[in-house]
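Hi there,

Here is the structure I promised to pass on to you. Have a look at it first, and then read my notes below.

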Amino acid sequence: MQHRMTQPGPLLDERGRLLQTGYATGALLTYRRADIRAPWYRIKEWDYYLVLCDTHALALTIADNGYMGLDSVSLLDFTRPWQKTVSPMQLLPRGRKRLPETSAQGDVAVSGRGYALSFRHEKDGRLLRVRMENFDKGRMLEGEILLREEPRDSMVIATPFPGAPRAFYYNQKINCLRAQGEVRLGDTRYAFAPESAFGTLDWGRGVWTYRNTWYWGSASGLVDGVPFGLNIGYGFGDTSAASENMVFYDGVAHKLSQVDFGIPQAGGRDDFLKPWRMTSDDGRFSMDFTPVLDRASRASALVVESVQHQVFGRFTGTVVLDDGRIVRVQDLMGFAEKVKNRW
């Protein structure tokens with residue numbers, strides 16, 4: 001059963017509990033940090049942008065996780081393949097980053113020793129700027145990307161956590177934002193052209209439990225000249241009301257049921273760089289995922305740990321839209337990830 005939320009209103013009641021659970025194709029519910037009735041160290045807020053084309057990608061994160069802040073920059077080159085991630089951290093931000101309470105407006109800018117990062121709303125779209133002086137072997141990374149032509153529909157979900165009535169995750173993911181700009185690493189230039197490059201926003205606000213694992217996959221591009229995106233995921237919280245699985249065709253969302261990533265195994269462990277086989281229980285999503293690069297990381301400090309495998313690769317397969325049309329996808333660049341957190 002997939003429950004679609006259709007009535008706008010506040011996200012939380014006076015006790016800090018979700019008033020509605022399920023999915024929507026727009027941000028109907030109003031998030032207010034002041035409405036949360038949980039300890040400050042359980043509040044997690046982030047804006048994550050991925051700008052991607054067939055040969056390279058840029059990922060930018062500004063996160064305020066209560067006791068730990070994170071500003072992250074990743075540059076990926078699929079032709080080598082190669083990636084570099086630098087993630088300055090801050091102690092006890094406790095909401096001082098003032099991340100916007102909606103994705104539709106509000107800006108955020110951060111800076112630290114040798115870097116600056118900002119996400120701003122402009123008349124023509126969303127402007128992303130990054131500068132990091134010593135990003136890789138003494139080389140500076142700097143760039144500016146404009147994301148335009150936001151589609152009509154996006155993936156929005158309000159998810160509770162079993163046994164934790166004041167815990168929730170309110171998430172909007174926007175696919176298929178046309179991207180234009182460039183990033184420079186030293187003398188090397190990485191260009192993003194709107195006819196072939198697309199941005200994705202992961203806007204997340206919530207109160208999380210301590211131990212979680214999530215699976216998330218996303219891709220945006222053109223299929224036979226039509227903008228096409230996919231958002232798939234599972235693994236945390238109570239998703240009995242709805243999953244976050246959707247595909248977007250020409251700006252319109254088509255809801256899927258449950259999707260399994262089919263991560264290959266070797267010796268009882270995940271083998272992330274072997275081909276994956278992804279399927280949905282409603283038979284509408286059937287996709288082979290061929291990895292190109294695993295952006296793997298592990299961070300641990302006392303009782304906090306994050307183990308991440310964000311695997312970039314190509315999706316090939318079919319999707320059945322709500323009206324029965326079949327979309328055939330061939331070598332669409334995107335990613336699928338598995339992240340385990342103790343936070």
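Which residue in strand 13 does Y23 stand opposite? The partner of Y23 is I157. Before going on, please note that this is a predicted model, where local features need pLDDT of at least 70, side-chain atom pairs count only at pLDDT 80 or more, and totals for chains, interfaces and linings use all residues. Residues are numbered from 1 along each chain as its sequence is written, and side-chain values use heavy atoms, with hydrogens and water left out.

Strands here are DSSP runs of E with at least two residues, numbered from the N terminus. Strand 13 covers residues 155-161, and six of its seven residues are buried (under 20% relative accessible area, 1.4 Å probe, protein chains only).

Strand 13 pairs (at least two DSSP bridges between two strands) with strand 2, residues 22-24, in the antiparallel sense over three bridges. Strand 13 also pairs with strand 14, residues 164-185, again antiparallel, over seven bridges. In that pairing P160 stands opposite F168. The two strands form a hairpin with two residues between them, and G163 in the turn has a positive phi of about 75 degrees.

F168 turns up again in the largest nonpolar core (buried Ala, Val, Leu, Ile, Met, Phe, Trp, Tyr and Cys joined through side-chain atoms within 4.5 Å), which has 71 residues. L11, I145, F168 and Y170 have the most contacts inside this core. Strand 14 gives the most to it, with 10 residues. A second, separate core has 27 residues, including W276 and F285.

Happy exploring!

Notes:
Buried means under 20% relative accessible area, exposed over 50%, partly exposed in between (1.4 Å probe, protein chains only). Helices (H or I, at least four residues) and strands (E, at least two) are DSSP runs, numbered from the N terminus.
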